[in-house]
Amino acid sequence: QVQLVESGGGLVQAGGSLRLSCAASGSIFSINAMGWYRQAPGKQRELVAALTSAENTNYAEFAKGRFTISRDGAKNKVYLQMNSLKPEDTAVYYCNANGVWSRNGWADYWGQGTQVTVSS
């Protein structure tokens with residue numbers, strides 16, 4: 001069974017930084033892309049940033065220039081460095097693994113989410 005485990009969320013003041021980590025475990029042969037989404041109360045889940053195995057990145061407009069996604073493909077880990085955080089960045093952040101080929105076949109997976117709270 002493939003699992004994604006996130007860490008690194010917490011409470012930070014506006015202007016501060018946080019680094020989120022996500023590790024995928026299980027009988028994984030390959031992962032096409034890993035990324036981060038977020039969901040604020042009363043809002044839909046939205047893409048923050050994603051990174052493919054070919055090192056192609058996709059950032060939401062609000063993330064450009066402030067957030068950086070990186071990946072350790074060999075260890076099936078993905079990171080999100082968040083700088084210059086704003087109160088509107090407050091949300092639950094979810095790790096996503098897209099196009100996972102494992103003993104279970106092909107599927108997409110989600111982590112349980114980690115809370116990021118930015119105080120003003």
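A salt bridge is a contact in which a side-chain nitrogen of Lys or Arg lies within 4 Å of a carboxyl oxygen of Asp or Glu. The structure shown above is a predicted model, and a convenient place to begin reading it is the pair formed by Lys64 and Glu61, whose closest N and O atoms are 2.7 Å apart. Because that distance falls within the 4 Å limit, the pair of Lys64 and Glu61 counts as a salt bridge. Of these two residues, Lys64 is partly exposed, with a relative accessibility of 46%, whereas Glu61 is exposed, with a relative accessible area of 62%.

In general, side chains of opposite charge can pair when their charged atoms come close. The structure holds 4 salt bridges, and several residues take part in a connected arrangement, for Arg38, Glu46, Arg66 and Asp89 are linked in a network of salt bridges. Within this network, Arg38 forms a salt bridge with Glu46, and the closest N and O atoms of that pair are 2.9 Å apart. Arg38 is buried, its relative accessible area being 7%, while Glu46 is partly exposed, with a value of 34%.

Arg38 also forms a salt bridge with Asp89, again with the closest N and O atoms 2.9 Å apart. This pair links distant parts of the chain, since Arg38 belongs to strand 4 (residues 28-39) and Asp89 to the loop between strand 8 (77-82) and strand 9 (91-102), and the two residues are 51 residues apart. Are Asp89 and Arg38 buried or exposed? Both of them are buried.

From the loop that holds Asp89, the reader can step back to strand 8, which comes before that loop. Strand 8 pairs with strand 3 (residues 18-25) in the antiparallel sense, over 6 bridges, and in this pairing Leu20 stands opposite Leu80 of strand 8. Strand 8 is also joined by 6 bridges to strand 7 (residues 67-72), and these two strands likewise run antiparallel. Here Thr68 stands opposite Gln81, a residue of strand 8.

The connection between strand 7 and strand 8 deserves a look of its own. These strands form a hairpin with 4 residues between them, and in this hairpin Asn76 takes a positive phi near 55 degrees. When following strands such as these by eye, it helps to keep a general pattern in mind: in a regular strand the side chains alternate between the two faces of the sheet.

Note on methods: Residues are numbered from 1 along each chain as its sequence is written. This is a predicted model: local features need pLDDT of at least 70, side-chain atom pairs count only at pLDDT 80 or more; totals for chains, interfaces and linings use all residues. Side-chain values use heavy atoms; hydrogens and water are left out. Buried means under 20% relative accessible area, exposed over 50%, partly exposed in between (1.4 Å probe, protein chains only). Two strands pair if DSSP finds at least two bridges between them.
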